[in-house]
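Please consider the following model together with its sequence. The paragraphs below lead through selected residues and the strands around them.

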Amino acid sequence: MSDENPLQPPPWLNAPPVDPYPYEESHDLRVGPKLHPTLDGLLPYIGVWRGRGRGGFPTIEDFDFAQEIRISHDGRPFLFYESRAWILDEQSRPVRPAGREVGWWRPVLKDDRATDELEALMTTPTGVMELHLGRRTGTQVEFVTDAVVRTATAKEVTAGHRLFGIVEGALLYAQEMAAVGHGLSPHLSARLTRVAG
């Protein structure tokens, strides 16, 4: 029988501090890690995009917004997606912050090669997480929700459909949403231009 205390402190408890995260993430293909070969079909999306759009839904008035989307990679077989939007007034002045979203896009692999099928997770700070299944056709990406998970206090979002495309160098998208008793309805659309990457 040992006299040692089985509840010894873990070895990391008094370890020295660590340096900052050592692995680079990039939205610019000229710097940072090499793009994972399974992401070649999504390469046109990598960058920082900024522009404006229009939003609405059957339960709210239409609104104008500005948006910045950053799509980056760290050398692994997925893309990181981050979106920040803000409401604009009639003179295009910022009124208040609007939707935020983070997520990951990744190609479905078969025999270690990317197919045209995609999976995506999209999460908002308002308590909604969507699992999307999609397909890439050329420079167009289409996603449809496979599942929606909500916190107890989140709005009732039940489905979504998103269409992204690179058109004449710009990122265009349209998003439909089913929520609060309404079926799929137009919700957001925007045109964003590349500002970095």
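**From an annotated residue to the barrel**

H187 is buried, because its relative accessible area of 16% falls under the 20% limit for that class. This value, like the others given here, was computed from a predicted model. H187 belongs to strand β10, which covers residues 182-196. Leaving aside residues up to four places away in sequence, the contacts of H187 comprise R54, G55, G56 and F57, together with Q175, E176 and M177.

The UniProt record, an unreviewed entry, gives H187 the feature "binding site", along with T59 and K155. T59, K155 and H187 are included in the lining of the largest pocket.

What is the exposure of T59? T59 is partly exposed, since its relative accessible area of 47% lies between the limits of 20% and 50%. As for its place in the chain, T59 sits in the loop that connects β1 (47-57) with β2 (60-72). When residues up to four places away in sequence are not counted, T59 touches V180 and H182. Of the two annotated residues described so far, H187 is thus buried, whereas T59 is partly exposed.

The strands named above form part of a wider arrangement. How many strands make up the closed barrel? The barrel has 10 strands, and its order runs β1-β2-β3-β4-β5-β6-β7-β8-β9-β10 with antiparallel pairing. From one strand to the next, the twist averages 25°.

One pairing within this barrel can be followed in detail. Strand β7 (residues 140-150) and strand β8 (residues 157-167) run antiparallel and are joined by 5 bridges. Across this pairing, Q140 is positioned opposite G165 of β8.

A further residue to examine is S83, located in strand β3, which spans residues 79-88. Is S83 buried or exposed? S83 counts as buried, because its relative accessibility is 5% and the class requires a value under 20%. The side chain of S83 forms a polar contact with the side chain of Q67, at 2.7 Å. Q67 also appears among the residues that S83 touches, which include E68 and I69 as well as G99, R100 and E101, with residues up to four places away in sequence not counted.

Methods
Residues numbered from 1 in each chain as written. Predicted model: local features only at pLDDT ≥ 70, side-chain atom pairs only at ≥ 80, totals over all residues. Heavy atoms only, no water. UniProt positions renumbered as here; feature names shortened; annotations may be inferred. 1 Å grid on protein atoms, 1.4 Å probe; cavity = no way out; pocket = protein on both sides within 12 Å on 5 of 7 lines; lining within 4 Å. Helix = DSSP H or I, 4+ residues; strand = E, 2+ residues; numbered from the N terminus. Buried < 20%, exposed > 50% of the residue type's maximum accessible area, 1.4 Å probe, protein only. Contact = heavy atoms within 4.5 Å. Pairing = 2+ DSSP bridges. Axes fitted to C-alpha atoms, helices over the stretch in contact; angles between N-to-C directions. Polar contact = N/O pair within 3.5 Å; in protein donor to acceptor, adjacent residues only side chain to side chain.
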